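These are my notes from a session with one protein chain, begun with a single buried position and widened from there. I set down what I looked up in the order in which I looked.

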Amino acid sequence: MHDLCCVGHITLDKVVTPKNTVHMPGGTSFYFSHAIRNLKDINYTLVTAIAESEMAVANDLQSKGIDVKVMPSKHSVYFENIYGENQDNRTQRVLAKADPFTVDYLEDIDARIYHLGSLLADDFSLDVIRFLSQKGLVSVDSQGYLREVREQNVYAVDWTEKKETLQYIHFLKANEHEMEVLTGYDDVAMAAKQLYDWGVKEVLITLGSMGSVIYDGTTFHMIPAYKPKEVVDATGCGDTYMTGYLYKRAKGAGIEESGRFAAAMSTLKIECLGPFKGTREDIEHCLETAEQRMPEL
């Protein structure tokens, strides 16, 4: 029985910023796994689906101590991420898609928390989420369910079957744009309440450099953003945030403590190119010393 399992595609990423262009592996599963590998006191496993050409990435993760299970796929997901000077804004294209995950492949994976790193709308079917919810708590990043690919370009769309699906989800992360697509509300409190009413137990609304808000049905937990020393690369910040949050929740921490830990991890991530490289000591130092910015409802 694993404490925490991340399920998601490892991607090929082309990251374009005003300073440079870099090709690297990516995807929720990649950033999540790298972020958690330095937090060693948890039983973690990764389930991914990649083409044979990307097996070296999975092998590298295994060499770093991550338990990896690979579902074969004809192709790997290939993303192009383009950032302007404001790293909160991103333009994406999808140059290739991988096979969706299936119930059959996940039958033998047992965990207390499953984090589904959806990248595209068809990565996880309703049947897969319903099945996993019978085995543990399901966590979902909403971003993939709101992405429709048309001629390689990514468009924001509403989540098909969202009301049927959200009742099986314990943790849901959405940013301010995604929450509005999902609920029709641009107000954080109203959007969070709507998502809770549809069945989500812990609604996490991330607001980039403005912090985040977590709603559990009774309390709006206000989580500060910690100011980075330098903004280098925002790719994977949301995934790193969820790593910290689910790690702490799996260890028994409360919502606010978990949220602050998650926020500090994402700040350290934005200060470096590629995945999170910090330690627990780095996170604690950020929590104690970094300038805070509290969100507003």
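Entry 1, a lysine inside. I began with Lys269, which has a relative accessibility of 0% and therefore counts as buried, the cut-off for that class being under 20%. I keep in mind throughout that this is a predicted model. I then looked up where Lys269 sits, and found its place in helix H9, which covers residues 255-270.

Entry 2, its surroundings. Which backbone oxygen does the side chain of Lys269 reach? I found that this side chain comes to the backbone oxygen of Gly274 at 2.9 Å. Setting aside the neighbours within four places in sequence, I listed the residues in contact with Lys269 as Tyr31, Asp233, Thr235, Gly236, Cys237, Thr240, Gly274, Pro275 and Phe276, so that Gly274 appears in this list as well as in the side-chain pairing just noted.

Entry 3, a second lysine. I turned next to Lys69, which lies in strand S5, residues 67-72. Is Lys69 buried or partly exposed? Its relative accessibility is 26%, and because the partly exposed class lies between the limits of 20% and 50%, I entered Lys69 as partly exposed.

Entry 4, partners of the second lysine. I noted a polar contact of 3.3 Å between the side chains of Lys69 and Thr45. Leaving aside neighbours within four places in sequence, Lys69 is in contact with His2, Thr45, Leu46, Val47, Thr48, Tyr105 and Ile109. I also looked up the spacing between Lys69 and Glu107, which are 38 residues apart in sequence, and recorded 13 Å from C-alpha to C-alpha.

Entry 5, the chain as a whole. I counted 10 helices and 17 strands in the protein chain, and noted that buried residues make up 54% of its 297 residues. For a compact globule of 297 residues the radius of gyration would be near 19 Å, and the 17 Å of the protein chain agrees with that. The C-alpha atoms fill a box of roughly 45 × 40 × 40 Å along the principal axes. Of the contacts between residues at least 6 apart in sequence, 64% join residues at least 24 apart.

Entry 6, surface and charge. The protein chain exposes about 12600 Å², of which carbon and sulfur atoms supply 47%. Last, I looked up the charged side chains, and wrote down 30 positive and 44 negative ones, with the centres of the two sets 2 Å apart.

Notes
Residues numbered from 1 in each chain as written. Predicted model: local features only at pLDDT ≥ 70, side-chain atom pairs only at ≥ 80, totals over all residues. Heavy atoms only, no water. Helix = DSSP H or I, 4+ residues; strand = E, 2+ residues; numbered from the N terminus. Rg over C-alpha atoms; globule rule 2.2 N^0.38 Å. Buried < 20%, exposed > 50% of the residue type's maximum accessible area, 1.4 Å probe, protein only. Contact = heavy atoms within 4.5 Å. Areas by Shrake-Rupley, 256 points an atom, 1.4 Å probe, with all protein chains shown as cover. Lys, Arg positive; Asp, Glu negative; His and termini not counted. Charge placed at Lys NZ, Arg CZ, Asp CG, Glu CD. Polar contact = N/O pair within 3.5 Å; in protein donor to acceptor, adjacent residues only side chain to side chain.
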